[in-house]
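Got your viewer open and a selection box ready? Here is a short walk through the model, stop by stop.

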Amino acid sequence: MNTTLNIAEDAAGERLQSITPQVLRRMLDDGEEIVVLDVREEGVFARDGHLLLAANLPLSQLELHASALLPRRSVRTVVCDGNDGLAALAAARLSRYGYTDVTVLRGGAPGWADAGYRLYSGVHVPSKAFGEYVQHRYETPEVTPQTLAAWKADGRRLVILDSRPLEEYRRNTIPGSVDCPGAELPYRVFGLVPSADTTVVVNCGGRTRAIIGAQSLINAGLNNPVFALKDGTQGWRLAGFELATGATQVAPRAAAGALAEARHAAERVARRFDVRSIDRPELETLRDAARTLYLVDVRGPDEFAAGHLPGSISAPGGQLVQATDRYLGVRRARVVLVDDDGVRATMTAAWLVQLGWRDVFVLREAFAGQTLETGPARHEVLGLGASRAATVGANELKALLDRGEAAVADLDTSLAYREGHIPGAWHVVRSRFAENLRALPCDKRLVLTSRDGVLARVAAGDAARAAARDVAVLDGGTSAWIAAGFPLESGTDRMTGPADDIRYRALEQTANVEGAIREYLEWEVNLLRAVKSDPDFSFRKFA
């Protein structure tokens, strides 16, 4: 038996293997598939430091996302935490759900640092560093907010494209911009630009998606002047300009002529960056029990919902590049990208190849002759079938609350809770049930809710054990409450702990917003220098 393995026990008495940081270092370098799973809450993960290649999947959310992030259950999985016991709990849970090669990193992230290895703050560090790498490598043109404002005032012919998903665009954007997320840029731009002398400016919330988006248009061969807006909406705010909220302008789908140009552009990009395409029989040969395969649909979420390949996951191309670790947890896995015409898949694949992913493919004629599924992605929620929690309907819960007979625990993020929750509900974090649930009245019926009720159902058993009382779940979650016509309230009056379950963007802060913006932008600009000396730094250079 390997003497580097140690035996630990989780709270349930299960025997778990642990490894030293030195052993993990060798595993990361051995060329085989591996996932390092950090199970702390996202805000803690970002604040306290983590391994460069760690994928963050909080223990609170484990059952919801593990099967999509770790689709092959025999993959080598190393679970990490803050040396606070969460990793042992997560590892035991994964083992119970059929994951067969799970170990715990001894000492967690602090142990990794004590061994002389580097930790990083923030989230999506490889992708964020890649954005800075692209800007330095290709000298992607940037325009300052002040210059853009002057261009607008002077009546210069402009198209401003916001490269973020629609939800982010609606929250805040540059006045007059059009939403055209990530991989949609080279797909739709040829029909958006009215003349050769029109300047195209790509913005995002900070830097990464604007840089990648602008460089995508340059790589696609767009002849117009193209710029990334320096520091995005955050830089616009710092410069003293107003942001627009509730914007609704969305780039239209490419018409026939523009689509033909986009396809030619994608072919050029594929040749330049060695993007490989495969057909359906070749896809089947990649379905190897000894390798992880991600089948990723890079179209927009509405297109995905209208019809997608069974077994595929939805990761719009721009978001896949911006937050690769959110979708592709297993290092050295195979990745097959799909869309309906090859443009968005090819452009996204080119970036993944440069990010260092070696086995990336585009599926040709992905939907031809295929039976498609509709609706959201269908992946297994671990343990959902075993949930035996009692349920209450929205009308029943409303009656209980009116009589003062129920206490509602909301398991959504603290940001979602702040923006809207059932009146009187308390915000709790599942991984902190033992502490958080003490704040709720013990003489009332405890009812759990989450956005759609799924997380609440999965977590009900944990809540019952932590609170030593019967627990019910709101059937359909807070969405069912809204559908029944009942109101929400906003605010943070009944938080049961710190709001560090997620990492808040600077513009989501409630105090010292400008200070948070400056801190974030400084972190992002300095990130490339920080990762360059890391042994896991592996961006691929092309001429």
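Start by selecting histidine 124, which is buried at a relative accessible area of 10%; buried means under 20%, exposed means over 50%, and partly exposed is in between, with a 1.4 Å probe and protein chains only. Before going further, keep in mind that this is a predicted model, where local features need pLDDT of at least 70, side-chain atom pairs count only at pLDDT 80 or more, and totals for chains, interfaces and linings use all residues. Residues are numbered from 1 along each chain as its sequence is written, and side-chain values use heavy atoms, with hydrogens and water left out.

Back to histidine 124: it sits in the loop between helix 5 (108-114) and helix 6. Helices here are DSSP runs of H or I with at least four residues, strands are runs of E with at least two, and both are numbered from the N terminus. Check the backbone too: histidine 124 has a positive phi of about 50 degrees, although it is not a glycine.

Next, select helix 6 (residues 125-138) together with helix 17 (residues 343-355). Their axes come within 11 Å and cross at roughly 95 degrees. The axes are lines fitted to C-alpha atoms, for helices over the stretch in contact, and angles run from 0 to 180 degrees between N-to-C directions. That crossing makes helix 6 roughly perpendicular to helix 17; under 35 degrees counts as roughly parallel, over 145 as roughly antiparallel, 65 to 115 as roughly perpendicular, and the rest as oblique.

Which residues make the contact? Show Pro126, Phe130, Val134 and Tyr138 on helix 6, and Trp351, Gln354 and Leu355 on helix 17. Contact means heavy atoms within 4.5 Å.

Now move to the loop between helix 6 and strand 7, and pick glutamate 139. Is glutamate 139 buried or exposed? Glutamate 139 is exposed, with a relative accessible area of 64%. Glutamate 139 also has a positive phi of about 50 degrees without being a glycine.

In the loop between helix 6 and strand 7 (142-143) you will also find proline 141, which is partly exposed at 29% relative accessibility. Leaving aside neighbours within four places in sequence, proline 141 touches Ile218, Val226, Phe227 and Ala228. For a distance check, put a ruler from proline 141 to glycine 191: they are 50 residues apart along the chain, and their C-alpha atoms are separated by 22 Å.

Go on to threonine 147 in helix 7 (residues 145-154). Threonine 147 is partly exposed, at 31% relative accessibility. Its C-alpha is 9.6 Å from that of leucine 229, although the two are 82 residues apart in sequence.

Time for the interior. The largest nonpolar core has 103 residues, and those with the most contacts inside it include Leu37, Leu161 and Val296. A nonpolar core is a set of buried Ala, Val, Leu, Ile, Met, Phe, Trp, Tyr and Cys residues joined through side-chain atoms within 4.5 Å. Zoom in on leucine 37: beyond its neighbours within four places in sequence, its contacts include Ala55, Leu57, Val79 and Cys80. Another core lies apart from the largest one; it has 21 residues, among them Leu384, Phe433, Leu440 and Val454.

Last stop, the cysteines. Cysteine 80 is buried, with a relative accessible area of 0%, and cysteine 180 is buried at 0% as well. How many disulfides are there? The count is zero, where a disulfide is a pair of cysteine sulfur atoms within 2.5 Å. From the sulfur of cysteine 180, the closest cysteine sulfur is in cysteine 204, 14 Å away and too far for a bond.
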